[in-house]
Amino acid sequence: MRLPAGGRIRVMTPKGRQAADFFAFMAANAGEWLSPMHTWVETRSIRPRAGDVFLSRFRRPMLDFVEDGAGGMHDMLIAACDQARYEEFGVKGPHASCSENLRAAMARLGHAIDIVPQPVNFFTNTQVDEGGALVSPPNEVPPGGYVELAARADVICVVSSCPFDLAIPGWTINAPGGPSELVVEIG
Ligand SMILES: [Zn+2]
């Protein structure tokens with residue numbers, strides 16, 4: 001969806017425990033996208049927190065993280081799921097993915113995406129332990145968990161309700177019952 005500067009976007013998981021892969025692009029140039037790598041070197045946190053500003057890969061402010069109604073359970077480390085990721089886990093045939101959702105959504109707005117940027121994964125409970133290992137314990141975001149962002153520039157936002165539905169020991173993404181819907185409101 002398009003969001004003008006000053007516009008707000010709220011993403012909510014009504015049933016809880018549903019990962020939201022979030023991407024943003026400058027409306028004037030889809031080659032300038034939100035970059036967690038450029039953001040965390042400024043915020044000094046690998047998790048986004050309310051009050052942080054999400055930067056583009058050219059280090060320009062794109063969105064303010066205004067309100068965190070999910071207790072800080074967000075990730076900026078793991079790449080968007082894609083067909084290859086599901087095949088790694090033994091899935092035969094096509095599987096829905098956040099990368100494909102991104103491509104389809106941007107195509108509807110007239111943009112051909114050949115690079116899938118690192119998303120901000122809201123409602124995703126990955127953690128880095130003391131030894132530096134990346135772990136993904138069960139997702140504990142409660143029903144109604146939400147985030148609210150405000151645009152600093154004219155942007156395009158894409159939200160993918162992550163379709164990860166595999167039961168991988170030690171690597172939980174969504175609720176055990178499988179993916180569920182997200183509610184996205186703009187205003
Ligand atoms: Zn995904």
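Start at the hairpin of strand 5 and strand 6: five residues lie between the two strands, and Arg-59 takes a positive phi near 65° there. Keep in mind throughout that this is a predicted model.

**Strand 5 and strand 6**

Select both strands of the hairpin. Strand 5 and strand 6 pair in the antiparallel sense, over three bridges. Two of the pairings can be picked out by residue. Leu-55 has Pro-61 of strand 6 as its bridge partner, and Val-53 stands opposite Asp-64 in strand 6.

**Across to strand 11**

Keep strand 6 selected and add strand 11. These two strands run antiparallel and are joined by six bridges. To find one place where they meet, select Asp-68, whose bridge partner in strand 11 is Val-147.

**The five-stranded sheet**

Now show the sheet to which these strands belong. What is the order of the strands in this open sheet of five? The order is 5-6-11-2-13, and the pairing is antiparallel. The edge strands are strand 5 and strand 13 (183-186), each of which pairs on one side only. From one strand to the next, the twist averages 25°.

**Arg-49**

Go next to Arg-49, in the loop between helix 1 and strand 5. Is Arg-49 buried or exposed? Arg-49 has 11 other C-beta atoms within 10 Å, so it is exposed, the limit for that class being 12 or fewer. Leaving aside neighbours within four places in sequence, Arg-49 is in contact with Phe-65, Asp-68 and Gly-72. Asp-68 is the residue already selected as the partner of Val-147. For a distance to check in the viewer, take the C-alpha atoms of Arg-49 and Glu-67: they are 18 residues apart along the chain and separated by 8.5 Å.

**Ser-35**

Move to the loop between strand 4 (29-33) and helix 1 (36-43), and select Ser-35. With 21 other C-beta atoms within 10 Å, Ser-35 is buried; the class begins at 20. Which residues is Ser-35 in contact with, leaving aside its neighbours within four places in sequence? They are Leu-55, Ser-56, Arg-57, Pro-117 and Gln-118. Leu-55 is the bridge partner of Pro-61 from the hairpin. A second distance can be drawn from here to Arg-152, 117 residues apart from Ser-35 along the chain: the C-alpha atoms of the two are separated by 15 Å.

**Helix 3**

Select helix 3 and colour Cys-98, Ser-99, Asn-101 and Leu-102, which are buried. They lie on the same side of the helix, because they cover an arc of only 160° around the axis. The buried residues of helix 3 pack against strand 3 and strand 12. Turn to the face directed away from this buried side, and the exposed residues Ala-107 and Arg-108 are there. Just after helix 3, select Gly-110, which takes a positive phi of about 90°.

**The nonpolar core**

In soluble globular proteins, nonpolar side chains tend to be buried together. In this model the largest nonpolar core has 41 residues, and the members that touch the most others are Val-11, Ala-20, Phe-23, Ala-24, Phe-122 and Val-155. Elements giving two or more residues to the core include strand 2 (8-13), strand 6 (61-69), helix 3 (98-108), strand 8 (120-122) and strand 12 (155-161). Which strand gives the largest share of this core? Strand 3 does, with five residues.

Centre the view on Phe-23. Not counting residues up to four places away in sequence, Phe-23 touches Trp-33, Leu-34, Leu-102, Pro-117, Pro-119 and Val-158. Two of these link back to earlier stops: Leu-102 is one of the buried residues of helix 3, and Pro-117 is also in contact with Ser-35.

**The whole chain**

Finally, zoom out to the full chain, which has three helices and 13 strands. Along its principal axes the C-alpha trace spans about 40 × 35 × 30 Å. The radius of gyration is 16 Å, which agrees with the value near 16 Å for a compact globule of 187 residues. Of the 187 residues, 38% count as buried. Among contacts between residues at least 6 apart in sequence, 70% join residues at least 24 apart.

Key: Residues are numbered from 1 along each chain as its sequence is written. This is a predicted model: local features need pLDDT of at least 70, side-chain atom pairs count only at pLDDT 80 or more; totals for chains, interfaces and linings use all residues. A nonpolar core is a set of buried Ala, Val, Leu, Ile, Met, Phe, Trp, Tyr and Cys residues joined through C-beta atoms within 7 Å. Helices (H or I, at least four residues) and strands (E, at least two) are DSSP runs, numbered from the N terminus. Two residues are in contact if their C-beta atoms, placed from the backbone, lie within 7 Å. The radius of gyration is taken over C-alpha atoms; the globule rule is 2.2 Å times the number of residues to the power 0.38. Two strands pair if DSSP finds at least two bridges between them. The arc is that of the directions from the helix axis to the C-beta atoms. Axes are lines fitted to C-alpha atoms, for helices over the stretch in contact, and angles run from 0 to 180 degrees between N-to-C directions.
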